[in-house]
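Please look over the model shown below before reading the numbered points that follow, which take up the domains, the ligand and one sheet.

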Amino acid sequence: MTDSTHAANRTALVMGGGVAGIAAALRLAEHDVAVTLIETRKVLGGRATSFNDPQTHTPLDNCQHVVLGCCTNLLDLYERLDVADRIDWAQRLHFVDKQGHADVLAANDLPAPLHLSTSMLGFTTLSFQEKLAIVRAMGTIWRMGKAGRQRCAQMTFAQWLEQQRQPPRAMERYWSVIAISACNLAPDRLGADHALQVFQEGFLAHRRAYEMGTSSVPLAQLYDRAAAIIEQAGGMVRLGVSVRAIEFDGRKITGVRTGEDELLTADRYISALPFDRLAAVAPAELVAADARLAALNQIEVSPILGIHLWFERAVTDRPHLIFVDSPLQWVFNKGVAGAEHSDAPVGQYLHAVVSAADDWVDLPGEQIVALALEELSAYCPAVKEVKLVRGWAIKEKRATFAAVPGIAAVRPETQGAVNNLLLAGDWCATGWPATMEGAARSGYAAAGAVVGRDLLVADLPASPLYRLLSKD
Ligand SMILES: Cc1cc2nc3c(=O)[nH]c(=O)nc-3n(C[C@H](O)[C@H](O)[C@H](O)COP(=O)(O)OP(=O)(O)OC[C@H]3O[C@@H](n4cnc5c(N)ncnc54)[C@H](O)[C@@H]3O)c2cc1C
């Protein structure tokens with residue numbers, strides 16, 4: 001046991017094996033806490049994982065997940081899992097519109113926050129006036145700092161953009177595209193503070209923050225080593241074990257009852273469950289005793305669609321495309337993965353993403369695929385000529401919590417009144433949108449609370465020029 005691990009915190013039970021639970025368990029194991037991680041499914045990774053495709057018998061991600069350079073805690077977790085080299089990085093982001101304009105967002109040699117200015121000012125998908133308006137608002141975002149964005153927590157991002165007199169096309173083709181992809185909510189519902197954070201920390205503060213990473217392997221393989229690392233340190237990972245009920249004696253958690261009626265006990269309990277699952281297993285007395293749990297039923301969700309498309313031949317040679325005028329926001333070129341197991345030859349596998357997918361999510365899968373093809377053909381005309389071997393829309397109706405105005409007041413802190421219960425999960429008060437980075441942060445924070453140390457990894461340092469004008 002390390003000096004900092006108090007004798008009362010020798011054992012911990014982590015509930016839920018998503019990114020938050022993995023992050024918490026791994027850090028606890030490193031600090032010699034005898035940790036048990038239980039996960040209801042047979043695979044780790046939660047919402048950021050893969051499943052076995054019944055048709056090809058190969059692992060398939062539920063949806064493409066991207067990581068940005070500013071995701072310092074998630075990238076630290078990948079280092080600890082020894083998978084950082086499985087992330088492919090893109091320094092050039094490809095934007096296109098239906099008129100055939102194609103732009104690349106890439107860094108120049110200037111210091112942040114000017115590093116994206118040359119490519120941004122050259123965008124052909126926006127008019128000169130629209131770009132000037134965007135530059136003006138980006139300057140405001142730069143100067144307002146963290147405190148400034150927090151003051152905007154009660155308004156929507158659309159309201160903030162209107163205050164900044166942003167032209168409608170700049171809203172649609174720039175602000176919306178980035179905010180929806182990052183926060184999974186349209187600007188007219190999205191809390192302005194969340195969107196402003198994305199632009200401050202992802203685009204302005206550090207040159208590398210905007211770089212986009214995607215896994216070169218199925219997501220589940222990123223956690224291949226997690227169980228071994230935890231178990232080598234004396235911990236345990238138990239898959240296929242569900243929390244049925246948390247037991248509470250009026251003062252502290254006394255155990256976790258599993259689906260098999262086993263009672264698991266520990267010194268500390270970390271819930272890394274989704275908020276609705278926690279609400280389902282927490283007894284009413286616990287909810288009454290701990291204000292962190294009082295508002296779980298106020299959290300709303302927002303859907304995402306991941307649309308897998310296998311074509312007979314290649315329809316694009318770009319690594320990805322970001323659509324500025326479509327309900328389909330992204331398409332990722334996944335090469336020829338899956339080709340070897342398909343009934344028909346596959347020349348290209350694309351993965352399209354629709355975030356904030358409320359308008360599409362209740363449509364039948366075939367109709368979603370047809371709509372995706374129709375949209376895609378406007379940007380990649382070859383789609384009309386090339387046979388679609390297979391299309392599959394995966395609906396994640398509860399993909400993320402909805403980052404609406406005022407949500408910060410509802411998101412719970414790691415520690416609260418019941419002090420042997422720590423909370424983790426992307427929905428906790430990380431200051432981040434619902435992302436793998438938010439989940440990793442929450443897990444590190446919960447493990448830190450157990451061992452009495454701050455285990456959070458620092459943000460990328462803001463450039464001196466950014467700091468000069470930012471009110472932080
Ligand atoms: C379609 C989609 C696309 C996304 N795209 C991105 C992206 O590009 N970039 C990004 O950063 N983020 C993205 N996200 C968000 C990201 O996946 C989540 O923020 C993150 O994975 C949440 O991790 P978590 O550990 O907090 O929660 P979860 O992943 O939900 O983990 C909770 C775990 O608890 C388990 N569990 C539930 N009930 C029980 C029980 N009773 N007993 C035991 N275990 C239980 C679940 O099986 C799950 O494994 C996306 C999410 C979705 C759904």
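1. The domain assignment divides the protein chain into domain 1 (7-62 + 218-295 + 411-451), domain 2 (114-208) and domain 3 (301-401), the bounds being taken from an automatic or database domain assignment. Residues are numbered from 1 along each chain as its sequence is written. Please keep in mind that this is a predicted model, in which local features need pLDDT of at least 70 and side-chain atom pairs count only at pLDDT 80 or more, whereas totals for chains, interfaces and linings use all residues.

2. The C-alpha centres of domain 1 and domain 3 are 32 Å apart. Their contact (C-beta atoms, placed from the backbone, within 7 Å) takes nine residues from domain 1 and ten residues from domain 3.

3. Because both domain 1 and domain 3 give residues to the shell around the ligand, it lies between them. Of the 38 residues around the ligand (C-beta atom, placed from the backbone, within 6 Å of it), those that come nearest are Gly16, Gly18, Gly46, Cys63 and Thr435.

4. Among the elements that each supply at least two residues of this shell are α1 (19-30), β15 (301-311) and α13 (436-451), and α13 gives the largest share, four residues. Helices (H or I, at least four residues) and strands (E, at least two) are DSSP runs, numbered from the N terminus.

5. Elsewhere, three strands form an open antiparallel sheet in the order β11-β12-β13, where pairing requires that DSSP finds at least two bridges between two strands. β11 (243-248) and β13 (263-264) stand at the edges, each with a single partner strand, so one side of each is left without a neighbour in the sheet.

Notes:
Contact = placed C-beta atoms within 7 Å.
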